[in-house]
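Please open the structure in a viewer and keep the selection panel at hand. The tour below proceeds from the overall architecture to the ligand site.

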Amino acid sequence: MLQEITEKFEERYQQKPVVVRSPGRVNLIGEHTDYNEGFVLPAAINKEIYFALAPNHTNTFRAYAFNLEQEAEFDLGNVHPSDISWANYLLGVVAQLQQAGYDVRGFDLVFGGNVPLGAGLSSSAAVECGLAFALNHVFDFNIPKFTLVKMAQLAEHEYAGVRCGIMDQFASMFGKKDHAVKLDCRSLDYAYYKLDMADYRIVLCDTQVKHNLASSEYNTRRLECEAGVALLHQHYPAVTSLRDVTTEMLEQHTAEFDPVIYKRCKYVVNENNRVEEACQALEKGDMKTFGEKMYASHSGLQHYYEVSCPELDFLVEQASRLDTVLGARMMGGGFGGCTINLVKLDALETFTRQMEAAYQRQFGITLKTYVAEIVDGSSLAETEIMPHAQV
Ligand code: GLA
C-alpha cells in the first residue's frame, strides 16, 4: 500500500514526496485513566497510515484520501473545521501548528492505510500524528515529539469534537518495536516494557459495531470523573484529579456520592492500581497474573464505568472459557470496537475459529480478528523512493 500511495502522489502531483508512516495502537491495560492523570500501557501496532507529502509552493493544501478515493483542497490562510469529516483530522493539525506560530506553507498530500476505521485502534490518532510528523519534517520546524503529540491531541478535541486523553497520540508517536509503554499521564514520564512474545500473541477481535453513543458518552464520563474530583477536593484540597484518590478516601465518603459518580471513580482508582500491578507482573514474566488483570479491567469497564456493550461482553466471556487465553478485555473508548486478547501461540488458529463461530451464532456478524505485531511509532517510511522533496 505504501508503494501505491507513493505512486498515486507522483501521478497526481508530478513530484517526489516525503513518505511517513504512523501506526494505530492497542492498549494492554489502563482504560479511561489517561484523562484522569493516571497510567496507561499502550503499544503501537502494524496497522498503519501512510503519508506521501511535499510542498507545492502555493498557499493551498491539497489532500487525497487514498482509501476513500476522495480529494479536497483548502486555503491555508483560512483554516477552519470542514464538513468533510476525514479532512478535519488533517485540518486540526494544521490549525494547531498555525496557532503555535509555525508557518505551514502549501503542500500536497496523499494518505491512506490499513487501520480499520471505528475499530478502536486509533486511526484518527495515526492520521493526526502522521501529518504532524510529516509537516515537522518537511518544513524543518524542529518541534519536539511530545509537543507534536499534544498538538495532535488538541486537533482531536477541536476538530473532531472528542475530548480524548493523550494515550492514543502518545502511543502512535512513541511506540517501540516489541515493547509496551507505560505512560504516567500526569508527569508524562514513560517507560518501555519488553513484551516477551515467544509463547503468546496479542489478538484483536473486532466486533464491527460502533454504537453511536460512543463520543457523547466519552465526554459524559469525563464530566462524571470531574464531579467526583470536585466532591473529594472539598475534603482533601490536594486532590486535583482521580489520580490523587485512594480507595480509603472513596470509602470514607461513599454516602456523599451520587451512586453513578461513585462507580466511575471507583473504577478509575482500581484501574490505576491494576496498571501498576500488571507492570510488576510483566517485569517478572508472570503473564498469568497479567492476564487476570485484563479480565478484572474488563469487569470494571462493564459494571462500574459502563462503557462496554453486549458484543464486547460476549467476546470477553467466550475468551474466558478457553484456557489458552490468559486475559481479555474491551479496549479503547468502548461501545464497540475491539477486544484485546492474550492468546497462547500454539492455540491461535483454534482461538480465532472458535471465536468466529461463536460470534456468528450469537450476533450473525462475521468477526474479524487481527494478530497485532508491536512496531515503532511514527517515522519516515523506508521506501525505495529516492531523494526527499525539499522546501
Ligand atoms: C479513547 C481516547 C483515549 C482514551 C481511551 C480510553 O481511545 O482517545 O484518550 O481515553 O479512549 O482509555
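Contact here means heavy atoms within 4.5 Å. By that criterion, 35 residues of domain 1 are in contact with 46 residues of domain 2. Please bear in mind that this is a predicted model.

To see the two parts, colour residues 2-194 together with 375-380 as domain 1, and residues 200-372 as domain 2. The centres of domain 1 and domain 2, computed over C-alpha atoms, are 26 Å apart.

Next, select the ligand. Where does the ligand sit? The ligand occupies the largest pocket. It lies between domain 1 and domain 2, because both domains give residues to the shell around it.

Now display the side chains of that shell. From the earlier part of the chain, select Arg25, Glu31, His32, Asp34 and Tyr35, which are among the residues surrounding the ligand. Then add Cys164, Gly165, Met167 and Asp168, followed by Tyr218, Gly332 and Gly333. Coloured by class, the shell divides into four nonpolar, four polar and four charged residues.

Three distances to oxygen atoms of the ligand merit inspection. Begin at Arg25, where a polar side-chain atom lies 3.1 Å from a ligand oxygen. Proceed to His32, whose backbone offers a polar atom 2.6 Å from an oxygen atom of the ligand. Finish at Asp168: here an N or O atom of the side chain is 2.6 Å from a ligand oxygen. With these contacts in view, add a surface to the protein. How much of the ligand's accessible area does the protein cover? Of the 310 Å² that the ligand has on its own, 92% is covered by the protein.

Conventions:
Residues numbered from 1 in each chain as written. Predicted model: local features only at pLDDT ≥ 70, side-chain atom pairs only at ≥ 80, totals over all residues. Heavy atoms only, no water. Near = heavy atom within 4 Å. Polar contact = N/O pair within 3.5 Å; in protein donor to acceptor, adjacent residues only side chain to side chain. Areas by Shrake-Rupley, 256 points an atom, 1.4 Å probe, with all protein chains shown as cover. 1 Å grid on protein atoms, 1.4 Å probe; cavity = no way out; pocket = protein on both sides within 12 Å on 5 of 7 lines; lining within 4 Å. Sits in = over half its atoms within 2 Å of the grid points. Nonpolar A, V, L, I, M, F, W, Y, C, P; charged D, E, K, R; others polar. Domains from an automatic or database assignment.
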